[in-house]
Amino acid sequence: PPCSSAPLPPSPSPSSSSPLSSLSYYWDKEPPMPAPRIFVSIVSFRDVECARTLLDMFLSAQLPHALTVGLVQQHDLDTGYDADCMYLLKLQYPQFATQIRRISMQPEEARGPVVARNLSRTLYRGEHYVLSVDSHTRFGCNWDKRLVALHLSLNQSRGIITAYPPPYDPLKASHRAHTHPHSHPHTHPTHLPPSRLAASAFHPEDNILRIGAVEIPK
């Protein structure tokens, strides 16, 4: 793709003990090897950013044809009050819409995010990798290649990579997602340090624990 990406982490050699190590060599092979498939779990409860998230995910990937989405959509589609998460893909890139496995329900049928995530995982069909993201997410350039390379650098086939992503500007990101992700700079700030979720404080009105971001020291 015509966008620049950050340097990739080192990948293990083909003799590595990792059963997935050979997948790190897919992108540089001629003729190409079978693409490592990535299952992306997305759950949306009436999220207006859901459609742009799906579009940005496919357009920012180096190998969009190797992606499969397990989408649980909790939107009011009967009355048209909520937009279909797939409407942008169907309008602009209908070939990607066929790569989405979906469970749809009315908002009043929702039973919370944990149940919805479990429903999403019932759509998994043996892909090499599983990625769980929010329905309001923007993706870095070549995010699929970079994450696979990072995972392979762990030399641990069952290793888990986790992060608390930085924020983005929905207004700027919506323009980007309606055109092409490589035509505009990424809208999330790249200077932010990595962070993790941590307990913040109990709210005085409802005594519910609030969660915040904590910077990870270098």
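Among contacts in the chain between residues at least 6 apart in sequence, 67% join residues at least 24 apart. This is a predicted model, and that figure is a good place to enter it. The chain has 218 residues, of which 42% count as buried. About 12500 Å² is exposed, and carbon and sulfur atoms supply 57% of that area.

Next, the elements. The chain holds six helices and six strands. Read along the sequence, they follow the pattern β-α-β-α-α-β-α-β-α-α-β-β. Four of the strands form an open sheet. Two others, S5 and S6, pair with each other in the antiparallel sense.

Start with the open sheet. Its order is S3-S2-S1-S4, and the pairing is parallel. Strand S3 (100-105) and strand S4 (129-134) stand at the edges. Each has a single partner strand, so one side of each is left without a neighbour in the sheet. Neighbouring strands here are turned by 15° against each other on average, direction ignored. Helix H4 (residues 113-121) packs on this sheet and touches S1, S2, S3 and S4. The direction of H4 makes about 145° with that of S1.

Now look at one pair of strands within the sheet. Strand S1 covers residues 38-45, and strand S2 covers residues 67-74. They pair in the parallel sense over eight bridges. One position to find on screen is phenylalanine 39, whose bridge partner in S2 is threonine 68. Strands of a sheet pair through backbone hydrogen bonds, either parallel or antiparallel.

A further helix meets this sheet. Helix H5 (residues 143-152) lies across S1, S2 and S4. H5 runs at about 120° to S4. How many of the ten residues of H5 are buried? Seven are, and the helix is mostly covered. The buried residues are Trp143, Asp144, Lys145, Val148, Ala149, His151 and Leu152. Charged residues are on that list, including Asp144 and Lys145. The cover over the buried residues of H5 includes S1, S2 and S4. Helix H1 (50-60) is also part of that cover.

Turn to the charged pairs. Side chains of opposite charge can pair when their charged atoms come close. A search of the whole structure finds seven salt bridges. Glutamate 49 is a good one to follow. Its side chain meets that of arginine 52 in a salt bridge, at 3.2 Å from N to O. The side chain of glutamate 49 also meets that of arginine 138, at 2.5 Å from N to O. This second pair links distant parts of the chain. Glutamate 49 sits in the loop between S1 and H1, while arginine 138 sits in the loop between S4 and H5, 89 residues apart. Glu49, Arg52 and Arg138 are thus joined in a network of salt bridges.

Are the members of this network buried or exposed? Glutamate 49 and arginine 52 are both buried. Arginine 138 is buried too, with a relative accessible area of 8%. Why does glutamate 49 count as buried? Its relative accessibility is 9%, and buried means under 20%.

Another salt bridge involves an edge strand. The side chains of glutamate 127 and arginine 101 meet at 3.0 Å, N to O. This pair also links distant parts of the chain, 26 residues apart. Glutamate 127 lies in the loop between H4 and S4, and arginine 101 lies in strand S3. The two partners differ in cover. Glutamate 127 counts as buried at 5% relative accessibility, whereas arginine 101 is partly exposed at 26%.

Finish with the two remaining strands. S5 and S6 pair over seven bridges. Alanine 198 stands opposite glycine 212 in S6. The two strands form a hairpin with six residues between them. In this hairpin, asparagine 207 takes a positive phi near 60°.

The hairpin strands also help to build a surface feature. Which residues make the nonpolar surface patch? They are Tyr164, Leu197, Phe202, Leu209 and Ile211, and the patch measures about 510 Å². Strand S5 (195-202) and strand S6 (209-215) each supply at least two residues of the patch. Leucine 197, for one, lies in strand S5.

Notes
Residues numbered from 1 in each chain as written. Predicted model: local features only at pLDDT ≥ 70, side-chain atom pairs only at ≥ 80, totals over all residues. Heavy atoms only, no water. Pairing = 2+ DSSP bridges. Axes fitted to C-alpha atoms, helices over the stretch in contact; angles between N-to-C directions. Contact = heavy atoms within 4.5 Å. Buried < 20%, exposed > 50% of the residue type's maximum accessible area, 1.4 Å probe, protein only. Patch = residues over 30% accessible without salt bridge, like charges linked within 9 Å, V, L, I, M, F, W, Y side chains within 5 Å. Areas by Shrake-Rupley, 256 points an atom, 1.4 Å probe, with all protein chains shown as cover. Salt bridge = Lys/Arg side-chain N within 4 Å of Asp/Glu carboxyl O.
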